[in-house]
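Biologist: I would like to learn how to read a fold from a model. Can we go feature by feature?

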Amino acid sequence: MKNNMDDAAVDSRKGLILINTGAGKGKTTAALGTAFRAAGNGLRVLVLQFLKGSWHYGEMESAEALNGLDGFTYELRKLGRGFVKVGGAEADPEDLRMVEAAWAESEREILSGDWDLIVLDEINYAISYQMLDPERVIDVLGRRPEMLHVILTGRNAHPRLVEMADTVTEMREIRHAYQKGILAQRGIEF
Ligand code: ATP
Ligand code: MG
C-alpha cells in the first residue's frame with residue numbers, strides 16, 4: 001500500500017544551511033555531533049576548520065580513525081595556523097593568505113559534488129574579522145549541489161548569512177568554567 005508519509009519524506013529531502021553562532025560554548029561541538037550523526041547515516045562528511053591549525057584537537061583523531069571504516073566517509077582538515085592576530089587595525093597578511101586558501105578549498109569542495117555534509121568550522125570569525133567577504137560565501141552556497149548540507153560555525157554570524165540559512169542556533173552563555181580560571185580541558189575543549 002502506498003505510504004504518503006514516506007513519499008512526503010522522500011520528496012522533502014533537501015540540503016540545508018545551518019548556522020551555530022552566539023557567545024556560549026558548543027558551536028563546534030554541535031557541528032561535530034551532527035557530522036557524527038550524518039556519517040552514521042552513510043553521508044559523506046567533510047569538516048574544514050578555518051583558523052585552527054597546529055594545536056591538537058581530539059576530533060582530528062576520531063575522524064581519522066572512522067574515515068574509511070565500514071563505508072564511513074568522515075574527513076577533517078585543519079586549514080589555519082592555530083591563532084589569528086586580532087585587535088590591530090590590519091589583519092596579518094599570513095592569516096589573510098591562509099583564509100584565502102581555506103576559502104578556495106571550501107569553494108572547490110562545496111561545488112565538487114563529492115560530499116553530503118560540509119562543516120565550515122569557525123568561518124564566521126574569518127568573516128567578522130573582515131578576512132572573507134560574506135557575499136562570496138553566499139554566492140557559492142547558492143550554487144551548491146541541491147542535496148548538500150552546510151554548517152557554518154563561529155560567533156557573530158553575518159546577518160546576510162543568517163538571513164540565508166534554514167536553521168540558525170544561537171548558543172547563549174550562562175556560565176563558562178573559564179571565568180573561574182579553569183583552563184581548557186582535554187576532551188572537552190579540544
Ligand atoms: P566548542 O569547540 O567547545 O564547541 P565553540 O565552538 O562554541 O566551542 P569557539 O568560539 O569556537 O566556541 O571557541 C573555541 C574555544 O573557546 C573552545 O575551547 C571553547 O570551549 C572556548 N570557549 C567557548 N565559549 C567560551 C566562553 N564563553 N568563554 C571562554 N571560552 C570559551
Ligand atoms: Mg568553535
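Biologist: In which sense do strand S2 and strand S3 pair, and over how many bridges?

Modeller: Keep in mind that this model is predicted. In general, strands of a sheet pair through backbone hydrogen bonds, either parallel or antiparallel. Here S2 (residues 44-49) and S3 (residues 73-78) pair in the parallel sense, over 6 bridges. The chain passes from S2 to S3 through helix H3 (residues 58-66), and this β-α-β crossover is right-handed. For a single pair, take Val47: its bridge partner in S3 is Leu76.

Biologist: In what order do the strands of the sheet come?

Modeller: The order is S3-S2-S4-S5-S1-S6, in an open sheet of 6 strands with parallel pairing. S3 and strand S6 (167-171) are the edge strands, each pairing on one side only. From one strand to the next, the twist averages 10°. Elsewhere in the sheet, S1 and S5 run parallel and are joined by 4 bridges. Leu18 stands opposite Ile151 in S5.

Biologist: Which strands does H3 lie across, and which does H4 touch?

Modeller: H3 lies across S2 and S3, at about 145° to S3. H4 packs on the sheet and touches S2, S3 and S4. The direction of H4 makes about 165° with that of S4.

Biologist: Now a single residue in S2. Why does Gln49 count as buried?

Modeller: Buried means under 20% relative accessible area. Gln49 counts as buried because its relative accessibility is 0%. Its place is in strand S2. Leaving aside neighbours within four places in sequence, the contacts of Gln49 include Glu59, Leu76, Arg77 and Asp121.

Biologist: Which residues of helix H6 are buried?

Modeller: A general idea helps here: an α-helix has 3.6 residues a turn, so residues three or four places apart point the same way. In H6 (residues 134-142), the buried residues are Pro134, Val137, Ile138, Val140 and Leu141. They pack against strand S1 (17-22), helix H4 (93-112), H5, strand S5 (149-153) and helix H7 (159-164). Look also at the start of H6. There, a side-chain oxygen of Asp133 comes within 2.9 Å of the backbone nitrogen of Glu135.

Biologist: Last, the metal. Which residues coordinate the magnesium ion?

Modeller: Thr28 (OG1) and Glu122 (OE) coordinate the magnesium ion (ligand 2), at 2.1 to 2.2 Å. The two link distant parts of the chain, being 94 residues apart. Thr28 is in helix H2 (residues 27-40), and Glu122 is in the loop between strand S4 (117-121) and helix H5 (123-128).

Biologist: Are Thr28 and Glu122 buried or exposed?

Modeller: Both Thr28 and Glu122 are buried.

Key. Residues are numbered from 1 along each chain as its sequence is written. Chains are lettered from A and ligands numbered from 1 in the order in which they are written. This is a predicted model: local features need pLDDT of at least 70, side-chain atom pairs count only at pLDDT 80 or more; totals for chains, interfaces and linings use all residues. Side-chain values use heavy atoms; hydrogens and water are left out. Donors are N, O and S atoms within 2.8 Å of the metal (3.2 Å for Na, K and Ca); water is not among the atoms, so sites may look incomplete. Buried means under 20% relative accessible area, exposed over 50%, partly exposed in between (1.4 Å probe, protein chains only). Contact means heavy atoms within 4.5 Å. A polar contact is a pair of N or O atoms within 3.5 Å; within protein, one must be able to donate a hydrogen and the other to accept it, and residues adjacent in sequence count only if both atoms are side-chain atoms. Two strands pair if DSSP finds at least two bridges between them. A crossover is right-handed if, with the strands pointing away from the viewer, the path from the first strand over the helix to the second runs clockwise. Axes are lines fitted to C-alpha atoms, for helices over the stretch in contact, and angles run from 0 to 180 degrees between N-to-C directions.
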